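Please walk through this structure with attention to the side chains and to the cut-offs behind each term. The paragraphs below take up cysteines, aromatic rings, surface, polar contacts and charged pairs in turn.

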Amino acid sequence: MLKKRKIPLRKCTGCQEMKNKKELIRIVRSEDGTFSLDPVGKKPGRGAYICPNPDCLNKAEKSKGLERSFKSAVPSEVYESLREELKAYEKP
């Protein structure tokens with residue numbers, strides 16, 4: 001009998017829903033404090049997960065979800081650059 005593999009779940013910092021890790025996009029804060037999207041999920045640094053839609057990013061900004069995940073302040077420019085990067089992920 002085949003062993004059923006466990007699917008890793010992560011919580012979106014915007015909508016607070018538990019989802020399959022592969023459905024979410026990872027946001028990483030590197031050692032030098034820069035934030036970026038991590039589509040592969042392999043970049044070093046502290047990560048937080050978010051759904052690939054702008055609504056969840058807006059919710060995360062309002063509820064300070066990323067600030068809690070990273071345990072530090074996240075400047076508004078970071079949210080703007082993440083919004084730009086998220087547009088590239090949206091399916092036409």
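If a disulfide is taken as a pair of cysteine sulfur atoms within 2.5 Å, the count for this structure comes to zero. C12 is in no disulfide, and the nearest cysteine sulfur, which belongs to C51, is 3.5 Å away. Seen from the other side, C51 is likewise in no disulfide, with the sulfur of C12 as its nearest cysteine sulfur at 3.5 Å. C12 has a relative accessible area of 0% and is therefore buried, where buried means under 20% relative accessible area, exposed means over 50%, and partly exposed covers what lies in between, using a 1.4 Å probe and protein chains only. C51, at 3% relative accessibility, also counts as buried.

These values come from a predicted model, in which local features need pLDDT of at least 70 and side-chain atom pairs count only at pLDDT 80 or more, whereas totals for chains, interfaces and linings use all residues. Residues are numbered from 1 along each chain as its sequence is written, and side-chain values use heavy atoms, with hydrogens and water left out.

The aromatic rings come next. Rings of Phe, Tyr and Trp (for Trp, its six-membered ring) pair if their centres lie within 6.5 Å, and planes under 30 degrees apart count as stacked, over 60 as edge-to-face and the rest as tilted; by this rule there is one aromatic pair. The ring centres of F35 and F70 are 5.2 Å apart and their planes stand at 70°, so the pair is edge-to-face. The pair links distant parts of the chain, since F35 lies in strand β4 (residues 35-38) and F70 in helix α2 (residues 65-70), 35 residues apart; helices (H or I, at least four residues) and strands (E, at least two) are DSSP runs, numbered from the N terminus. Both partners are buried, F35 with a relative accessible area of 15% and F70 with a relative accessible area of 1%.

Turning to the surface, I7, L9 and M18 make a nonpolar patch of about 300 Å². Patches are made of residues with over 30% relative accessible area and no salt bridge, with like charges joined within 9 Å and nonpolar side chains (Val, Leu, Ile, Met, Phe, Trp, Tyr) within 5 Å, and the accessible areas come from the Shrake-Rupley method with a 1.4 Å probe, for which, in the case of residues, only the protein chains shown count as cover. Of the patch members, L9 is placed in strand β1 (residues 9-11), and its relative accessibility of 45% makes it partly exposed.

R26, in strand β3 (residues 25-29), counts as buried at 10% relative accessibility. Which backbone oxygens lie 2.9 Å and 3.0 Å from a polar atom of the side chain of R26? The backbone oxygen at 2.9 Å is that of K43, and the one at 3.0 Å is that of G45.

T34 is found in the loop between β3 and β4 and is partly exposed at 43% relative accessibility. Although T34 and G47 are 13 residues apart along the chain, their C-alpha atoms are separated by 12 Å. In helix α3 (residues 76-89) lies S81, which is partly exposed with a relative accessible area of 32%; S81 and L37 are 44 residues apart in sequence and 9.5 Å apart in space, C-alpha to C-alpha.

The charged pairs complete the picture. With a salt bridge defined as a side-chain nitrogen of Lys or Arg within 4 Å of a carboxyl oxygen of Asp or Glu, the structure holds four salt bridges. One of them joins the side chains of K19 and E17 at 3.9 Å, N to O, and both residues are partly exposed, K19 at 23% relative accessibility and E17 at 42%.

Another salt bridge is formed by E61 with R83, whose closest N and O atoms are 2.4 Å apart. Because E61 lies in helix α1 (residues 54-63) and R83 in helix α3, this pair ties together parts that are 22 residues apart in sequence. E61 is partly exposed, with a relative accessible area of 26%, whereas R83 is buried, with a relative accessible area of 17%. R83 also forms a salt bridge with E80, the closest N and O atoms being 2.9 Å apart. Both R83 and E80 lie in helix α3, three residues apart, which is about one turn of the helix, and E80 is partly exposed at 45%. E61, E80 and R83 are thus linked in a network of salt bridges.

Technical notes:
A polar contact is a pair of N or O atoms within 3.5 Å; within protein, one must be able to donate a hydrogen and the other to accept it, and residues adjacent in sequence count only if both atoms are side-chain atoms.
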